[in-house]
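Reader: Hello! Could you walk me through this one?

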Amino acid sequence: MTDVRDEAVATAAANDRDSDSDRGSYIWYELMTTDADGAKAFYDSVVGWNVESQSQFPNGYRMIGRSDGGFAGGVLPLTDEMQQHGARPTWLGYIYVPDVDASVASIERGGGKALMPAFDIPNIGRVAMVADPQGAPFYIMKPAPPANDPNAKSDVFSPSEQQRVGWNELSTSDPAAARRFYTGLFGWDDGEFMDMGDMGEYRFLDHGGTRIGALCGVMPGGQSKWRYYFRVPSIAAAKSAAEQHGGTIHMGPHQVPTGDFIIIGTDPQGAEFALVGGA
C-alpha cells in the first residue's frame, strides 16, 4: 500500500485523546481509488458529498466534504506503483489508539500483521495499516490535535446523521476469533447478538455505550473485510443514482430490524460501498 499520508487525514479527525475510553473510536474513513475524478462524480451523486475537485496535497489526496461543512473522509488516488504492490480500490477505516507502536505489537502477538509499519506524519500523528488474524485490513492512528482546536473531536461516524458512516460491519471467516481479537484490542462490547439461523450470529459491537456496528461470518467463498455503511435520506434514490453513474448493486434494497433499508454494491472503480437509510 501507500507509504504516504498528509495533513488531510487529521484536518477533521485529529484530537488529543489520551484517555483509554477513546481507544477504539472510528476517527476517519478513506477511499483508495484508481480514478479520483470518477469517484467524485459517483459519490457526490449517490451520497450527496462534495469531494474536492482538486487536491491541495502533494500525493493527490482529496477531502470529502459534507453538506453541513464538515468532512466525511478522504480520497487517496492509487498510483501505478501502489497497484503493482497489490493495492486495489477499497474503503478503509481509521481507529484511534493511544499508542500505535504498542498496538501494532499487540496485533502481531494476536495473529494479525502490519501491512504498513507505523510512521509519523509531521504535526498530524502516527499511523499504521494492519490486518486482523483473518486478513481484514484497517488503519490504527494516534492523531495530534489541530493547533487551532486542541479539543477537536472527529464526527465522521454517527449512528443517525446523514453523509456519515452509520454502521461498521466486519464479515469474517472466524467470528469467535475476531470477537476475541477486537474486544481485546479496542475494548468493544460484543455481548448482544441476533440469531441468523444457519448463517450464525450477527454479533453487535458497542463502544462507550454507542452501537458502532457488528460482526458476522462470511458467505461461502467470501473474504474477511470491513464494510462501512454511509447514511443517505433515501435508499431508492441512492440506488437509482448509483446505477445511473456506473455502479453495480449486489444486494438490496433490504430492510433491517431498525427499519432502515440497506444496499451493497461496487462503484465504477471496483471499490465496494454500502448505504443505509430510509426507503
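Reader: What area does the protein expose, and what share of it do carbon and sulfur atoms supply?

Author: Happy to help! This is a predicted model, where local features need pLDDT of at least 70, side-chain atom pairs count only at pLDDT 80 or more, and totals for chains, interfaces and linings use all residues. Residues are numbered from 1 along each chain as its sequence is written, and side-chain values use heavy atoms, with hydrogens and water left out. By the Shrake-Rupley method with a 1.4 Å probe, the protein exposes about 12,000 Å², and the share from carbon and sulfur atoms is 48%.

Reader: What percentage of the 279 residues is buried?

Author: Buried means under 20% relative accessible area (1.4 Å probe, protein chains only). Of the 279 residues, the buried ones make up 52%.

Reader: Why does the radius of gyration agree with a compact globule?

Author: The radius is taken over C-alpha atoms, and the globule rule is 2.2 Å times the number of residues to the power 0.38. For 279 residues that rule gives a value near 19 Å, so the protein agrees with it at 18 Å.

Reader: What share of contacts with a separation of 6 or more joins residues 24 or more positions apart?

Author: A contact means heavy atoms within 4.5 Å. Among contacts with a separation of 6 or more, residues 24 or more positions apart account for 61%.

Reader: What does the C-alpha trace span along its principal axes?

Author: Here the extent is given for the C-alpha trace of the protein. Along the principal axes, the span is about 45 × 40 × 40 Å.

Technical notes:
Buried means under 20% relative accessible area, exposed over 50%, partly exposed in between (1.4 Å probe, protein chains only).
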